[in-house]
Amino acid sequence: MNIPNHVAIILDGNGRWAKSKGMPRNYGHVQGAKNVEVICRAAHNMGIKYLTVYAFSTENWKRPQEEVDALMTLLNQYMKNCQKTAKKNNMRVRVIGDKTGLSEAIQKDIAALEEATKDYDGLNFTIALNYGGRDELVRATKKLLSKVESGELSVDDITEAEISACLDTAELPDPDLMIRTSYELRISNYLLWQLAYSEFYFTEVPWPAFDEKELEKAVKEYQNRDRRFGLIKEE
């Protein structure tokens, strides 16, 4: 069975799901956070090796301050709880994005989480926090320029591999499948470099309601596609 090695998910629809139930937006975010463990477990059971989720983008800071504050509180608590979840599921956790833009408390919790889980060999779970694809490419470009200025690298030596090595995802394979919930048909500045040859799957189901069966549907759709990595399929 052709199981994608790496699945990336845009966790969308928390607020709309909550509104449909007559609840405040933050209720949706809380339930969405709880659903992450459900999908991590389901992904591992299916044989998926890498799972990356878009939890908070660089653009999310533009949301109402009350909502941003609630999200930061939720993220802070999630980072603490995730150590227990990771240990229970033998899951290695990484966080990508501009961590310097997060509070010192969250940065400290991220460092502790990554250190505590670095030797686990189950699912490789990556959380994108304060992440934006364009921002990542800007930061990668600065790393490359620094290498050129120091003489470590010449301009002629800059290759796709060198660029990839300067990205936040340097330790990860590119995603085979990108899933976006709540049926927004765009990638919203997510993994712009890494998604070059990924299959895309969009579903109307909002993230809090996206369960194991929905993940199976996405993987089945992936399996039905002819993966030719950019080659045009002959009629």
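Helices H2 and H3 are roughly parallel to each other, for in this predicted model H2 (residues 25-46) and H3 (residues 65-89) pack at an angle of about 20 degrees, with their axes 11 Å apart. An angle under 35 degrees counts as roughly parallel, and the crossing of H2 and H3 is right-handed. On the H2 side the contact involves Arg-25, Asn-26, His-29, Val-30, Ala-33, Val-36, Glu-37 and Arg-41, while H3 contributes Glu-67, Ala-70, Leu-71, Leu-74, Tyr-78, Thr-85, Lys-88 and Asn-89. By character, the residues of this contact of H2 with H3 comprise seven nonpolar, four polar and five charged.

The largest nonpolar core contains 42 residues, and those with the most contacts inside it are Ile-9, Leu-51, Phe-125, Ile-127, Leu-129, Ile-179 and Leu-215. H3 supplies the largest share of this core, namely eight residues. When neighbours within four places in sequence are set aside, the contacts of Ile-179 are Val-7, Ala-8, Ile-9, Ile-10, Tyr-201, Phe-210, Leu-215 and Ala-218. A second, separate core has 10 residues, including Ile-96, Ala-128, Tyr-131 and Leu-195.

Most residues other than glycine have a negative phi. Two asparagines with a positive phi are set out below.

| Residue | Phi | Location | Relative accessible area |
|---|---|---|---|
| Asn-90 | near 55 degrees | loop between H3 and strand S3 (92-96) | 29% |
| Asn-130 | about 45 degrees | strand S4 (residues 124-131) | 5% |

Because buried means under 20% relative accessible area, Asn-130 at 5% is buried, whereas Asn-90 at 29% counts as partly exposed.

How values were computed: Residues are numbered from 1 along each chain as its sequence is written. This is a predicted model: local features need pLDDT of at least 70, side-chain atom pairs count only at pLDDT 80 or more; totals for chains, interfaces and linings use all residues. Side-chain values use heavy atoms; hydrogens and water are left out. Axes are lines fitted to C-alpha atoms, for helices over the stretch in contact, and angles run from 0 to 180 degrees between N-to-C directions. Helices (H or I, at least four residues) and strands (E, at least two) are DSSP runs, numbered from the N terminus. Angles under 35 degrees count as roughly parallel, over 145 as roughly antiparallel, 65 to 115 as roughly perpendicular and the rest as oblique. A crossing is left-handed if the near helix is turned anticlockwise from the far one by less than a right angle, and right-handed if clockwise. Contact means heavy atoms within 4.5 Å. Ala, Val, Leu, Ile, Met, Phe, Trp, Tyr, Cys and Pro count as nonpolar, Asp, Glu, Lys and Arg as charged, and the others, Gly among them, as polar. A nonpolar core is a set of buried Ala, Val, Leu, Ile, Met, Phe, Trp, Tyr and Cys residues joined through side-chain atoms within 4.5 Å. Buried means under 20% relative accessible area, exposed over 50%, partly exposed in between (1.4 Å probe, protein chains only).
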